[in-house]
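I opened a new model today and kept notes as I went. Here is what I looked up, entry by entry.

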Amino acid sequence: MNPENYVDQVIEIATLAGKEIRDIYQKGDFEREIKSDNTPVTSADLAAHEIITDALKALTPDIPVLSEEDADIPFEQRCDWQRYWLVDPLDGTGEFIAGSGDFSVIIALVEHNRPILGVVYVPMTEVCYYGIAGLGSYKRKDGAEVRISSLQLSKDGSESLRLAVSRRQDPQSVIKLFNQSKHCELVVLGGAALKSCLVAEGRADCYVRIGPTGEWDTGAAQIIVEEAGGQIMDLNLQPLTYNERESLENPNFIVVGAPALEWDQILINE
């Protein structure tokens, strides 16, 4: 299938879900629960999930949907999927609850275990990032669209590294992962996908995620970053995998804008 044929519809779906999230956020009237994996979920997550899954099933009835809010699908059932939609209805639920505004809607199309289309929509700014395999990555806002690309640092490593970090993250927990000879500047933003998109558009050089995430957190971001010239890898600098294991949990990972740098020397993987 040609992912280019679906991008506008998927952006429209993400926008509809984002509008619902924004309305709930602005009203401040939402329910909050703790899931079995000890992560929060709100009525905004669930409302966006319903909007997205219903719309995707109407758009492509023969393509299954794997959403964070309905991920209890046995591996033996999904292992034969040739393609599927991978969704995080509300990435950055903690940011939503905290009131920072740094959250997004994520929709990816995965084919043969690789993302081929990714959309990240930011409800509070109405910015949309998207990437299509072989066709590049783009940013839409206020009716205008520009192609984005990551910053390719010089191989001599002379520049400082701009690290995207969370608002509630101890920066030292990330800085200690880098060679001490490397000077790091911090770029603070919430939401995993949003920090990946910072790297994709060249506003940060890398983002390291330590701690549990799901494949839905990285699917769309991965194709956006890759088509912008960057890469997402685990901390052993190996590619992330999709729907190849029973567990849908990602390893710790790094998003880099300049894959040609000697990250095995820059990163300290203890």
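**Entry 1: a polar contact.** Before anything else I wrote down the rule I needed: a polar contact is a pair of N or O atoms within 3.5 Å, and inside a protein one of them must be able to donate a hydrogen while the other can accept it. I also noted that this is a predicted model. Then I went to Asp205, which sits in the loop between α6 (192-200) and β12 (206-209). A polar atom of the Asp205 side chain lies 2.8 Å from the backbone nitrogen of Arg162. That pair counts as a polar contact because the cut-off is 3.5 Å.

Is Asp205 buried or exposed? I got a relative accessible area of 3% for Asp205, so I put it down as buried. Leaving out residues up to four places away in sequence, I found Asp205 touching Leu151, Leu153, Ser160, Leu161, Arg162, Val199, Val255, Val256 and Gly257.

**Entry 2: the domains.** I looked up how the protein is divided, and got domain 1 (3-147) and domain 2 (161-266). The centres of domain 1 and domain 2, taken over C-alpha atoms, are 19 Å apart. How many residues does the contact take from each domain? I noted 44 residues from domain 1 and 30 residues from domain 2.

**Entry 3: the UniProt record.** I checked what the record says, and the UniProt entry, which is unreviewed, lists Asp88, Leu90, Asp91 and Asp217 under "binding site". They are spread over 130 residues of sequence, yet they cluster in space, with a largest C-alpha distance of 9.6 Å. I also looked at the largest pocket, and its lining includes Asp88, Leu90, Asp91 and Asp217.

I picked two of the listed residues to look at further. Asp88 is in strand β4, and Leu90 is in strand β4 too. With a relative accessible area of 1%, Asp88 goes down as buried. Leu90 is at 1% relative accessibility, so Leu90 counts as buried as well.

What does Asp88 touch, not counting residues up to four places away in sequence? I listed Glu68, Ser104, Val105, Ile106, Trp216 and Asp217, and Asp217 is itself a listed binding-site residue. For Leu90, again without its neighbours within four places in sequence, the contacts are Ile21, Thr42, Ala44, Asp45, Phe96, Phe103 and Ser104. Ser104 turned up for Asp88 and for Leu90.

**Entry 4: aromatic rings.** I counted ring pairs and got eight aromatic pairs. One of them joins Tyr6 and Trp85, edge-to-face, at 6.4 Å centre to centre with 75° between the planes. This pair links distant parts of the chain: Tyr6 is in the segment before α1 (7-27), Trp85 is in strand β4 (residues 83-91), and they are 79 residues apart. Trp85 has 0% relative accessibility, so I marked it as buried.

I also found a cluster in which ring pairs link Tyr25, Phe30, Phe96 and Phe103. Phe96 and Phe103 were already in my notes as contacts of Leu90.

**Entry 5: Leu267.** Where is Leu267 placed? I found Leu267 in the segment after α8 (263-266). I wrote Leu267 down as buried because its relative accessibility is 8%. Beyond four places in sequence, Leu267 touches Leu177, Phe178, Leu235, Leu237 and Ile254. I checked one distance as well: the C-alpha atoms of Leu267 and Arg203 are 20 Å apart, with their positions 64 residues apart along the chain.

Notes:
Residues numbered from 1 in each chain as written. Predicted model: local features only at pLDDT ≥ 70, side-chain atom pairs only at ≥ 80, totals over all residues. Heavy atoms only, no water. Phe/Tyr/Trp six-rings, centres within 6.5 Å; stacked < 30°, edge-to-face > 60°. Helix = DSSP H or I, 4+ residues; strand = E, 2+ residues; numbered from the N terminus. Buried < 20%, exposed > 50% of the residue type's maximum accessible area, 1.4 Å probe, protein only. Contact = heavy atoms within 4.5 Å. UniProt positions renumbered as here; feature names shortened; annotations may be inferred. 1 Å grid on protein atoms, 1.4 Å probe; cavity = no way out; pocket = protein on both sides within 12 Å on 5 of 7 lines; lining within 4 Å. Domains from an automatic or database assignment.
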